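Q: Hi, could you walk me through this protein model?

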Amino acid sequence: MAQAGRRYSHARAFPDAFMALGHHIFRSFGTPMRIENARRSVTALSTAAVALVLGINVASAAAGQPSPWETGMQEMVTELGQSVSSFHTYLVWLITAICLFVLALILVIIARFNETKNPTPSKTTHNTLLEVAWTIVPVLILVAIAIPSFRLLREQLVPPQADLVVKVTGYSWYWGYEYPADQGGGFKFDSNMITEDSARKPDQPRLLGADNAMVVPVGKVVRVQVTSADVLHAFAMPSFYIKIDATPGRLNETWFKAEKEGVYFGQCSELCGNGHPYMPIEIRVVSEQQYAAWLTEAKQRYASTDSPAPTKFATAQ
Ligand SMILES: [Cu+2]
C-alpha cells in the first residue's frame, strides 16, 4: 500500500497511510472498477483508515530509532513499553467509539429534530433514567481507563530489584555515564554526539549516534539514576518507554529491562540550551558475554585517576 502511494511525485508530502487512502479514492473515480477491484479497494481503504486511526505507520516502525513519516510509537523492546503501547491502542479505540457515538447522536438530532421535521418541540426538561445513565456511563468509562492506567504508572514508578545500576548525568551538552565498582564497573565516561558523517558507524543515524554508548546486558533490570551537573535535561529512550528529568541537585530514578539486543537511540527531552538537539542517548543492549567483554575493555579505556574511591549509589540520596 505504501508502495502504491509513492508512485506520485508529491508522495513524500503526506504520511503513507494518507497517501494510500487518497490513491484509492482517486482510482475509484478515475476508472470503471470491477467487483474484485472494488472489494480490494474497500479493504485497502479500511486498512488505511484503521492505520490512520490507530496511529500505526503503514511502513512499519523500526525499533530503536524514528523512521520517516512514522505516526505511531517506536517498536517497544521492554514489557512495560509493550503494555503502554497496547494501552494507547485501547484508548484510541475507546475515543473513536465515543466520537462515533456522539456524531451519530448529532446526526439523529439534525435529521429528526430540525425545524421542518419537528415544528413544535417537546417541553420535556427532565428524564431521571437518562440523567442517571449519562452520569454513570462516563464514570464507568473513566474507571475502565483509570485501572490499567494506574497499574502501568505503578509499574513504572516502583522499580523492581535491580541487576545493574547506571548513573547518568546531564551536562551542557552531552551525557556522562557512571558504572559502580561493586557491579564490575568502577569507571565513568562522557558521551558526545558524533558530528562527522564519516565517523559514524553504519548503524548510527545522523544526530543520534554517540561516540561512547551506554552498554547494558539484555534481559536484566537496569536502574538508571539520573541527575544533572548544570541545567535541566531529560533522559529519554522511546523504545524503552522511559523519560525522566535530569535535575541539578536531585537524583531521579527510572528503570528498564530490554528484552531484545540492539542499538537504541534517544535524545535529551528538556529544552536545555543551544546544544539541546545535539546530545543524543545511545544504548547498546548486548548479550551477557559481550557485556562482560565490554566491561573489561571499558575499565581500561575509561580508567580514571582522579577518583579512586568507588561511587556509593546506595547513599547517593
Ligand atoms: Cu539537555
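A: Happy to; we can take the fold overall, then a sheet, then a helix pair.

A: Residues are numbered from 1 along each chain as its sequence is written. This is a predicted model, where local features need pLDDT of at least 70 and side-chain atom pairs count only at pLDDT 80 or more, while totals for chains, interfaces and linings use all residues.

Q: Thanks! How many helices and strands are there?
A: The protein has six helices and ten strands, taken as DSSP runs numbered from the N terminus (helices are H or I, at least four residues; strands are E, at least two).

Q: Which strands form the open sheet?
A: Five of them, in the order S3-S2-S1-S5-S8, with mixed pairing. Strands pair if DSSP finds at least two bridges between them.

Q: And what's at the edges?
A: Strand S3 (187–191) and strand S8 (252–256), each with a single partner strand, so each has one side without a neighbour in the sheet.

Q: How do S1 and S5 pair?
A: Strand S1 (residues 164–171) and strand S5 (residues 222–228) run in the parallel sense over seven bridges. Leu164 is opposite Val222 in S5.

Q: Switching to helices, at what angle do H4 and H5 pack?
A: Helix H4 (residues 79–112) and helix H5 (residues 128–157) pack at about 160 degrees, with axes 11 Å apart. Axes are lines fitted to C-alpha atoms, for helices over the stretch in contact, and angles run from 0 to 180 degrees between N-to-C directions.

Q: Which residues make the contact?
A: Leu80, Ser83, Val84, Phe87 and Leu91 of H4, with Ile145, Pro148, Leu152, Glu155 and Gln156 of H5. Contact means that C-beta atoms, placed from the backbone, lie within 7 Å.

Technical notes
Two residues are in contact if their C-beta atoms, placed from the backbone, lie within 7 Å.
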